[in-house]
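Hi,

Here is the structure I promised to pass on. Have a look at it first, and my notes follow below.

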Amino acid sequence: MPTCLGDRRSRRVRLATLCALALLLSGCASNSITLRSAPKNPLGDQLQLTSWSGPRPSPRTEQLLRVHNLTYKPGGDPRPLIRELQGYNLVQPAAERAYAMAELAYLGGKNAEKKGDAQSAINLYGESALHAYQYLFDKKYAATRNPYDPEYRGACDIYNSSLEAGLRIANKEKTLVPGVKRTINTASGPYELACEMKGTRWQGEKIERLEFASDYEVKGLKNLYQIHGLGVPMIAVRKSYAGESIDAKYYPPDLSFPVTALIRPTLDENGEQAENSSVKLGTIELYDPLEINETQIANHLVPLESDYTTPLAYFLSKPQLDVATVGLLQPDKLLKQMRPNHDASIMGLYMTQPYERGKIPVIMVHGLWSSPMTWMEMFNDLRSSADIRNNYQFWFYLYPTAQPFWISSMQLRNDLARMREDLDPSRTEPALDQMVLIGHSMGGLVAKMQTVESRDDYWKLVSSEPIEQLKLEPEVRDKLRQMCFFEPNPSVRRVITIATPHRGSTFSNQTTQWMLGKLISLPDMLVKSQQKIYRDNPKAFPADSLIKVETSIDSLSPKSPILPVLLSSHRLPWVKFNNIVGNWPGEWWTGSFTKDSDGVVSTASAHLDDAESEITVPADHTTVHTHPAAVLEVHRILLAHLADVQMNPTRQMVEGAPQYAPRTAPIETPPTVPAATARRPSKEPPATLTIKGAL
């Protein structure tokens, strides 16, 4: 009977291991974006753009034409009709006629484009956008303009759609370029339009090409964040160029970012357009909506039509940083791979926006068998918040996950120091001393090690002999010293750990260690260095020496000697910790294996005694950081961190550094953590708040 029970337990362990391995593999799916068969167009139904009998004016425009004894001829040139309506408006301005002119010009542009007459099409599209602009903002229509009329939003749609259609032609002809001017001919005369970048750190020379967000449908991100207003959401793809700033080396290749295009006529000092000018002026303005999401037009603060998510999904569809499997199974390839156009390893820190003084860095550290791509769901959600977007900048850390986490921690420590030297060599930027680290799974251990003081606790796990007495190559001695002797990073003020195995994971057992040990190919240099260390110092390292742990799987074992040391290591008193634990309900056939765990890490191991806050969310290991409850908690923590910084602006680690000044007006202090969730150092395990179901 005991043997039978033992075999049964062994089978359960193996089955649980295989389930956990399958869970890890299932989390490697990449985000995607698909090209629509036709661009998304809000005027499609209204103007029968796809109908066999269309396109045609809306019923209200056809009625207005009848009232003026005018008739629209499908496929014909609408400019004579527009001139007739203009004549009426010179005598008695009416907003509904301006709307009809905008609609007719748009239909004319569609017809001209079908006939292959690009010049007439762009003229008519430009005229349509300008008439819609007049409907919305011209003073002479103030008395007849009704913001409650469906035509009001219709004018916004015509403005956006006609501008997009015209920009498509200009983009195809390579004339949609900052600094380039173009003339269009309208019924009221020619317009000279200059393309300009507005309110963005991305300059014109940094744009390789422009795409249109309406061409794409996002498949891989759950939430699509848009702002409705005026303008055309676009996708700008960045290019490298000579003389770019030092922070450019931290951008991933082919980085894309959102742009909103706007067209407006140039007004005189009275805020009016010169009707008798031989050539009227106007601008096509390109905004970064992440920096500016509204603009002033005719004494109105107008929101820009913006799409934050599609440009991100477009970038993710070319997953340069999705190297999860290579990072685990073939780390040597990752170590040797270089960043395009830069003499630096592909590993390290990455930005998705230009570095900005005054914004607090949030560094997101992925876990085992993962990559920075794992953060894009949370990043997409957090970036949608203006309070977060205006006060934080997000950086991502890429590292080979095959190696023990303390080696990755050493590399992150060095990379953070190198980035500080690049961005702020004089150490006068206080926002860089308010850094927040967020780590998922093993990434939480990598992040946590940035905040502890080693003393000699970690060297004792390696050898009982002083490091100076060992026979080592200078480079190897230096690496061992960096790995085992370190100070906490004074710039890190808060760490958020998510599904982190603070006490190890039973996923790291003899079965997985054997299986993945066969699959993982460690770097030759690391293997040869270890062999030489053992050979030159045969009695210096005990059987359980930390240096004999070769893979990340081994390092996460509950028996790993470093984990209790890390839990009890001395930390700076002003560093705050927040913790998120996953507890996966599982399906009926997996429930017995996932009880009190996320399928990989038990809730007991993921618990953190001295966390300021801790919540439990019903999610598995690979999705806990994308669960709405986890995203809301991180959002709350970041607002709390910002409020804490604003209340304590003089608490600087860098002597003589200026006070931290938030980029926005002080925000309200976020709600306090419920008593059941609050964490204070205690010998008693504090209670946890379990969130059941999606919020």
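Please keep in mind that this is a predicted model.

I started with what packs around helix α10. The elements that cover its buried residues include α7 (309-316), β14 (360-365), α11 (386-391), β15 (392-398), β18 (492-498) and α21 (628-647). The helix spans residues 376-383, and eight of its eight residues are buried, so α10 is largely enclosed by the rest of the structure. The buried set includes charged side chains, among them Glu377, Asp381 and Arg383, alongside Met376, Met378, Phe379, Asn380 and Leu382.

One of the covering elements, β18, is worth a closer look. Seven of the seven residues of β18 are buried, so this strand too is largely enclosed by the rest of the structure. Strand β18 pairs with β16 (residues 435-440) through six bridges, in the parallel sense, and there methionine 435 sits opposite valine 492 of β18. Strand β18 also runs parallel to β20 (residues 576-582), with five bridges joining the two; here valine 495 stands opposite phenylalanine 577 of β20.

Now for a charged residue you may want to check: what lies around arginine 413? Arginine 413 belongs to helix α12 (residues 405-423). Leaving aside residues up to four places away in sequence, arginine 413 touches Met449, Gln450, Gln482, Phe486 and Glu487. Arginine 413 is buried but has no salt bridge. The nearest side chain of opposite charge is that of glutamate 487, 9.5 Å away, while a salt bridge would need the side-chain nitrogen within 4 Å of a carboxyl oxygen.

Best wishes

Note on methods. Residues are numbered from 1 along each chain as its sequence is written. This is a predicted model: local features need pLDDT of at least 70, side-chain atom pairs count only at pLDDT 80 or more; totals for chains, interfaces and linings use all residues. Side-chain values use heavy atoms; hydrogens and water are left out. Buried means under 20% relative accessible area, exposed over 50%, partly exposed in between (1.4 Å probe, protein chains only). Helices (H or I, at least four residues) and strands (E, at least two) are DSSP runs, numbered from the N terminus. Contact means heavy atoms within 4.5 Å. Two strands pair if DSSP finds at least two bridges between them.
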